[in-house]
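Reader: Please show the model and explain how its helices and surface are described.

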Amino acid sequence: MLFRVAAYGEAAGWTLLVAGIVLENITGSHAYVAVAGRIHGMLFVVYLMAVLAFYPSLAWSRWKALFALAFSVPPYGTIVFEQWVAHKRRAHGFKTYRHYLLYNVLAAGFVRF
């Protein structure tokens with residue numbers, strides 16, 4: 001859930017930045033881009049930190065984490081990546097991240113019954 005929030009937040013940052021650029025072109029004031037750019041930058045860093053913090057608990061490989069980082073560069077790429085990950089999770093029959101994590105903990109052999 002936190003990763004999803006970070007992904008959509010970063011996409012909202014892109015929307016804010018694009019709106020700031022449009023408003024700058026309309027009004028001629030650089031203040032819109034300055035504020036929107038800072039907010040977008042903070043949301044971008046939050047997304048990067050979320051990927052780096054959560055990829056082990058989500059049982060992602062380093063390659064998948066690298067793809068998550070790469071998808072943060074193009075506009076709205078984080079939504080595309082998050083939707084792809086959600087599709088893969090649903091395809092495996094996991095309804096929530098908790099089920100996904102529990103399955104991976106059991107599959108990794110950390111918990112033996």
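Reader: In which helix does Y32 lie?

Author: This is a predicted model, in which local features need pLDDT of at least 70, side-chain atom pairs count only at pLDDT 80 or more, and totals for chains, interfaces and linings use all residues. Residues are numbered from 1 along each chain as its sequence is written, and side-chain values use heavy atoms, with hydrogens and water left out. Helices are DSSP runs (H or I, at least four residues) numbered from the N terminus. By that numbering, Y32 lies in helix α2.

Reader: How are the axes of α1 and α2 oriented, roughly parallel or roughly antiparallel?

Author: The axes, lines fitted to C-alpha atoms over the stretch in contact, are compared by N-to-C direction on a scale from 0 to 180 degrees. Those of α1 (residues 2-27) and α2 (residues 31-54) come within 8 Å and cross at roughly 160°. Angles over 145 degrees count as roughly antiparallel, so α1 and α2 are roughly antiparallel.

Reader: Which parts does the salt bridge between E82 and R4 tie together?

Author: A salt bridge requires a side-chain nitrogen of Lys or Arg within 4 Å of a carboxyl oxygen of Asp or Glu. The side chains of E82 and R4 meet at 2.8 Å, N to O. The pair ties together parts that are 78 residues apart in sequence, because E82 lies in helix α4 (residues 77-91) and R4 in helix α1.

Methods:
Helix = DSSP H or I, 4+ residues; strand = E, 2+ residues; numbered from the N terminus. Parallel < 35°, antiparallel > 145°, perpendicular 65-115°, else oblique.
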